[in-house]
Amino acid sequence: KPNNKIVEKESHKGDIMGYVISGELTLEIIDRGVFKIKAGDAFYVKAGQLHVARNEGDRLLKMVTMQLR
């Protein structure tokens, strides 16, 4: 959803990898920084890493994600 300002920290049991198809993902990895992931870019979050992912832009964000065991 565009213009999402909700901040909800989460972590996962497995590594997460993803690819942004359109829009822009703001990915904050706690103690690592804030990253702007644009269309055509991929990202990776290690298992157990506390993070926040949100769509702060004005376009619909479309992405594909996969959780590894």
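Two strands are taken to pair if DSSP finds at least two bridges between them, and strands themselves are DSSP runs (E, at least two residues) numbered from the N terminus. The structure is a predicted model, in which local features need pLDDT of at least 70 and side-chain atom pairs count only at pLDDT 80 or more, while totals for chains, interfaces and linings use all residues. Residues are numbered from 1 along each chain as its sequence is written, and side-chain values use heavy atoms, with hydrogens and water left out.

One open sheet consists of 3 strands in the order S3-S2-S5, with antiparallel pairing. S3 and S5 occupy its edges with a single partner strand each, so one side of each is left without a neighbour in the sheet. From one strand to the next, the twist averages 15 degrees (axes are lines fitted to C-alpha atoms, and angles run from 0 to 180 degrees between N-to-C directions). Strand S2 (residues 24-29) is joined to the antiparallel strand S3 (residues 33-38) by 6 bridges, with Glu24 opposite Lys38 in S3. The hairpin of S2 and S3 has 3 residues between the strands, and Asp31 adopts a positive phi near 70 degrees there. On the S5 side, S2 pairs in the antiparallel sense over 4 bridges, and Thr26 faces Arg54 in S5.

A further open sheet of 3 strands follows the order S4-S1-S6, again with antiparallel pairing. Its edges are formed by strand S4 (42-45) and S6, each having a single partner strand, so one side of each is left without a neighbour in the sheet. Here the twist averages 20 degrees from one strand to the next. Strand S1 (residues 16-22) and S6 pair antiparallel over 6 bridges, and the bridge partner of Ser22 in S6 is Lys62.

Met17 lies in strand S1 and is partly exposed, at 33% relative accessibility (buried is under 20%, exposed over 50%, partly exposed in between, with a 1.4 Å probe and protein chains only). Together with Tyr44 and Met66, Met17 forms a nonpolar surface patch of about 290 Å² of accessible area; such patches comprise residues with over 30% relative accessible area and no salt bridge, nonpolar side chains being joined within 5 Å.

The loop between strand S5 (51-54) and strand S6 (62-67) contains Asn55, which is buried at a relative accessible area of 4%. A polar atom of the Asn55 side chain lies 3.1 Å from the backbone nitrogen of Gly57, and a polar atom of this side chain is 2.9 Å from the backbone oxygen of Arg59.

Key. A polar contact is a pair of N or O atoms within 3.5 Å; within protein, one must be able to donate a hydrogen and the other to accept it, and residues adjacent in sequence count only if both atoms are side-chain atoms. Patches are made of residues with over 30% relative accessible area and no salt bridge: like charges are joined within 9 Å, nonpolar side chains (Val, Leu, Ile, Met, Phe, Trp, Tyr) within 5 Å. Accessible areas come from the Shrake-Rupley method with a 1.4 Å probe; for residues, only the protein chains shown count as cover. A salt bridge is a side-chain nitrogen of Lys or Arg within 4 Å of a carboxyl oxygen of Asp or Glu.
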